[in-house]
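Biologist: Please take a close look at the sheet region of this protein, strand by strand, and then at what packs around it. I should like one connected account, with the pairing and the contacts named explicitly.

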Amino acid sequence: AMRRDFVANVSHEIRTPLTVLSGFVETLQSIPLPEAERQRYLDLMAVQASRMQSLVADLLTLSQLEGSLPPGMSEKVALQELMSQVASEAQALSAVLSGHEGDQKTCAHHLVLESVPAWVLLGVRSELYSAISNLVSNAVRYTPAGGTIRVAWSRDAEQVILSVRDTGPGIAPEHLPRLSERFYRVDRSRSRETGGTGLGLAITKHVAQRHGGELRIESQVGQGSNFMLVLPTSRLVLQAD
């Protein structure tokens, strides 16, 4: 039943942009259009093609995560360099959502990256990047313009915790247990507006579990959300500041 539902969801998610794309192609093939109108159609087609590419990329990522051996402890991932890349891409996404693509200085959100410690994580860089990037980009997508997204790392004796806290609309309690299911969305129309694939949290959960950790979610309607990637301290190498 899970496999059948998964195939049905994938088909649905691909069918929508494919139908839009096919319609634009037919229009361009059959109707002479002014250059400005033609360019607008091509831009809309590019958006739909990009959406399908993102979906396929996330599907491949999930497939690789499920089919590969658990990560070892030999690969070292510099946290500061990793978070710098995540922050840069989050700012670019915020600029795109605000209609200022290509201008990262015009950011629609207040992205606060608290002082990143000079730590090294033991794990697969591509997986950790994917998990962290998904949490931060989700916060950008679902937080209204002008909102704040605060990203911070902390640790205690047993855990290393990445916290991504936003000032978005918050999530009702009945949705929280299902958020990391593939294609589960609280608001489908909002997800499509912002370009989400519905697979980001599923990927993050898989990465966390493969690295011996977990994904935790705290949220209250009207008060924002806090998504936490929790890893065991055995994955942490402390570096000198």
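**The sheets and their surroundings**

Modeller: In this predicted model, strand 5 (residues 159-166) and strand 7 run antiparallel and are joined by eight bridges. Within this pairing, R165 has N226 of strand 7 as its bridge partner. Strand 7 (residues 224-232) also pairs with strand 6 (residues 214-220), again in the antiparallel sense, over seven bridges. Here S219 stands opposite S225 in strand 7. Strand 6 and strand 7 form a hairpin, with three residues between the two strands. In its turn, G222 has a positive phi of about 85 degrees.

These pairings belong to an open sheet of five strands, whose order is 2-4-5-7-6 and whose pairing is mixed. Strand 2 (110-113) and strand 6 each have a single partner strand, so they stand at the edges, and one side of each is left without a neighbour in the sheet. Direction ignored, neighbouring strands of this sheet are turned by 15 degrees against each other on average. As general background, strands of a sheet pair through backbone hydrogen bonds, either parallel or antiparallel. In a regular strand, moreover, the side chains alternate between the two faces of the sheet.

Two helices may now be placed against the five-stranded sheet. Helix 3 lies across strand 2, strand 4 (148-155) and strand 5, and runs at about 180 degrees to strand 2. Helix 6 lies across strand 6 and strand 7, with a direction at about 135 degrees to strand 6.

There is also an open sheet of three strands, in the order 1-3-8, with antiparallel pairing. Its edges are strand 1 (76-78) and strand 8 (236-238); each has a single partner strand, so one side of each lacks a neighbour in the sheet. From one strand to the next, the twist averages 30 degrees. Strand 3 (residues 119-122) is joined to strand 8 by three bridges, the two running antiparallel. One residue pair in this ladder is L121 with its bridge partner L236 in strand 8. Helix 3 (residues 79-97) packs on this sheet as well, touching strand 1 and strand 3, and its direction makes about 55 degrees with that of strand 1.

Helix 3 further packs with helix 4 (residues 125-142), at an angle of about 35 degrees and with the axes 9 Å apart. This crossing is right-handed. The residues of helix 3 that take part include L82, V86, A90, L93 and L97. From helix 4, the contact includes Y129, I132, V136 and V140. By class, the residues of this contact divide into ten nonpolar, four polar and four charged.

Helix 6 leads on to a pocket. The second largest pocket has a volume of about 420 Å³. Its lining comprises 17 residues, of which M2, F6, N9, E181 and R182 lie nearest its centre. Helix 1 (2-30) and helix 6 (200-210) are the elements that give two or more residues to this lining. The largest share, five residues, comes from helix 1. In terms of class, the lining of the second largest pocket has six nonpolar, four polar and seven charged residues.

Taken together, helix 3 is in contact with the five-stranded sheet through strand 2, strand 4 and strand 5, with the three-stranded sheet through strand 1 and strand 3, and with helix 4. Helix 6, for its part, lies across strand 6 and strand 7 and contributes to the lining of the second largest pocket.

Technical notes
Residues are numbered from 1 along each chain as its sequence is written. This is a predicted model: local features need pLDDT of at least 70, side-chain atom pairs count only at pLDDT 80 or more; totals for chains, interfaces and linings use all residues. Side-chain values use heavy atoms; hydrogens and water are left out. Two strands pair if DSSP finds at least two bridges between them. Helices (H or I, at least four residues) and strands (E, at least two) are DSSP runs, numbered from the N terminus. Axes are lines fitted to C-alpha atoms, for helices over the stretch in contact, and angles run from 0 to 180 degrees between N-to-C directions. Contact means heavy atoms within 4.5 Å. On a 1 Å grid over the protein atoms alone, a cavity is a set of points where a 1.4 Å probe fits but cannot get out, and a pocket is an open set with protein on both sides within 12 Å along at least five of seven lines; lining residues have an atom within 4 Å of a point. Grid points are joined across faces, edges and corners, and a volume is the space filled by probe spheres set on the points. Ala, Val, Leu, Ile, Met, Phe, Trp, Tyr, Cys and Pro count as nonpolar, Asp, Glu, Lys and Arg as charged, and the others, Gly among them, as polar. A crossing is left-handed if the near helix is turned anticlockwise from the far one by less than a right angle, and right-handed if clockwise.
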